[in-house]
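Here are my notes on the model you sent, set out as numbered points. They go strand by strand first, then turn to helices, the whole chain and the contact between chains.

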Amino acid sequence: MKEIQQELKVCGAPSLDELHASPCYQLPPQDRRALAAVIECVEGIPCNPCETSCPQNAITVGEEITALPVVNLEACTGCGICVAACPGLAIYLKKYLFKDDRAYIAFPFEYLPLPKEGETVTMVNRLGESVCEGTVLRVVKIKKMDRTAVIHCSYPNRFYEEVVSIRRLSL
Amino acid sequence: MIEREIVVIGAGPAGLSAALEAARSGASVLIIDENHRPGGQLFKQIHKFFGSHEHRAGVRGIDIGTQLIEDASHLDIEVWLDSEVCGIFHEREVWVVRSRELSVTVKAKSIIIATGAVENAVNFTGWTLPGVMGAGAAQTMINIHRVLPGKKVLMIGSGNVGVIVSYQLLQAGADVKAVVEAAGRLGGYGVHTAKVRRAGVPFYTRTTVLEARGNDHVSEAVIVSLDDAWKPIPGTEKVLDVDTICIAAGLTPLVELAFAAGCRKVYSPVLGGMVPWHDASMRTNVPSLYIAGDVSGVEEASTAMEEGRLAGLSAAYSLRYIEKDEYDSRFNDALRRIDSLRSGMFGEKRRIAKHAIINHI
């Protein structure tokens, strides 16, 4: 466990190698048509709202709440309820095929100001580095999500796995 | 001297939970807090809590605080605010100074001490400059008083407090220039460090702050790499353009009242230092005294609330408000919920340390 988490415990974010070695992380296959939940929660913290919030029972943590969450991609409909339910902001939705050569991501966002639909934003990787430009498709902020907005964006799918969020907008 | 059945000292998550559990058992409770409002640190915890549904996971600390206070308002719980407890005498007498002017002694049948913990300081050249503050103080400023302490922040310490407050400073509109950690590995949950990192904040391990510079306030910070013996490596100094330095170097239990009242001391480095010995029911060696929350060993709010329930329940049981069967069943439920929070790679160490205190002879 220690070795695969070197990057996470030194630079703050998990490397792709670390994610690929973790049973919780599954990037939805490129030919999948629907969005699917992607979880980056590799440490076994005592937490399970992802499991209990999922209306499809597609996420399993189990009796021991320190077990890692695992998504059953066949059951996941990409509804996104888990995205705002996760206290760690460690879940997003992705799909490779949105339109032309663009991928789709919906991620949790708790900074103001919120981006606007149609706005061009800077997509960032796990280290907070700019990767490419993206387009905001929807900004979802409903009461049930308790002040966590979910931002939907499209971006070039050659950066499919790299992109996880957007650069914060200035006040 | 006035008399009350159960006196709870501290209206944070542990104290409020203790008061609720005791009052639900039928006891009448007085809860005393030195602050203007109850809730302890819950009202500055604007993030969603971890845990499972029964720990109120996914609910923000601030909303848990509001709920606890609302629940208390329907029960036989009296609350004294702006009231400082200055001493506990003859095992049952609580000396309180109310509003800094009225001295009162309350004679209690049971006392539950839930005084919490205080932030540790780190001293370095320039650490007395305005702009150097505890991470908890910065969190109080932004989330309670809605005042941004500075625009450019250096965070010292990468435990959960350091990374959560870094995130909340970003939310409040500040830039966090760096989080430095003296150890070789970051301390906080990976999900917290990851969200701060993807917001563009760099982490530096094996690094500490050497100096705060500035005339009448912080205008620069010097950080430096540490070698394997934790000594600064000359030539690795880096100057950061910051106006605020936050220190998140752990917490120490606020044990003075408990020790002055005669509680036996046990040393627990994992849980923050000297803590009062207590048994699994949160009772100390002074039979009328119980403790709960960070004063009994620094953990986090969800555990503090469960410990508060254990203490409140045990105090009510000792006063014969509930039968043994009911006590056992409610007690074991709370114990099971605590065990699930003290599991996994982060919780295991705390579970072992807690057992060491309970089993300490």
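1. Strand β6(B) pairs with strand β19 of chain B, residues 289–291, in the parallel sense, and three bridges join them. Within this pairing B:I112 has B:Y290 of β19(B) as its bridge partner. Please keep in mind throughout that the model is predicted.

2. β6(B), residues 102–113, also runs parallel to strand β1 of chain B, residues 2–9, with seven bridges between them. Here B:V106 of β6(B) is the residue opposite B:I2.

3. The pairing of β6(B) with strand β5 of chain B, residues 93–98, is antiparallel and has six bridges. B:W95 is bridged to B:T105 in β6(B). Three residues lie between the two strands of this hairpin, and B:S99 has a positive phi near 50 degrees. As general background, strands of a sheet pair through backbone hydrogen bonds, in either the parallel or the antiparallel sense.

4. A further set of strands in chain B makes an open sheet of five, ordered β8-β15-β9-β10-β11, with parallel pairing. At its edges are β8(B), residues 132–134, and β11(B), residues 203–205, each of which pairs on one side only. On average, and with direction ignored, neighbouring strands of this sheet are turned by 20 degrees against each other.

5. Helix α3 of chain B, residues 135–143, packs on that sheet and touches β8(B), β9(B) (152–156) and β15(B) (244–247). The angle between the directions of α3(B) and β8(B) is about 90 degrees.

6. At the β11(B) edge, strand β10 of chain B, residues 175–181, runs parallel to β11(B) and is joined to it by three bridges. B:T205 of β11(B) stands opposite B:E181. Helix α4 of chain B, residues 160–171, lies across β9(B), β10(B) and β15(B), and runs at about 170 degrees to β10(B).

7. Helix α8 of chain B covers residues 324–341, which is 18 residues. From first to last C-alpha α8(B) reaches 26 Å, close to the 26 Å expected at 1.5 Å a residue. Which residues of α8(B) are buried? They are B:R330, B:A334, B:I338, B:S340 and B:L341. The cover over these buried residues includes α7(B) (301–318) and α9(B) (344–358).

8. For chain B as a whole, the count is nine helices and 19 strands. The radius of gyration of chain B is 21 Å, close to the 21 Å given by the globule rule for 361 residues, so chain B is as compact as a globular protein of that length. The C-alpha trace of chain B spans about 65 × 45 × 35 Å along its principal axes.

9. Of the 361 residues in chain B, 52% count as buried. Taking contacts in chain B between residues at least 6 apart in sequence, 64% join residues at least 24 apart.

10. The contact between the chains involves 38 residues from chain A and 37 residues from chain B. On the side of chain A that touches chain B, the elements giving two or more residues are α1(A) (6–11) and α3(A) (49–53). Of these, α1(A) gives the most, with four residues. By class, this side of chain A has 22 nonpolar, eight polar and eight charged residues.

Methods. Residues numbered from 1 in each chain as written. Chains lettered and ligands numbered in written order. Predicted model: local features only at pLDDT ≥ 70, side-chain atom pairs only at ≥ 80, totals over all residues. Pairing = 2+ DSSP bridges. Axes fitted to C-alpha atoms, helices over the stretch in contact; angles between N-to-C directions. Contact = placed C-beta atoms within 7 Å. Expected span 1.5 Å × (residues − 1). Buried ≥ 20, exposed ≤ 12 C-beta atoms within 10 Å, placed from the backbone. Rg over C-alpha atoms; globule rule 2.2 N^0.38 Å. Nonpolar A, V, L, I, M, F, W, Y, C, P; charged D, E, K, R; others polar.
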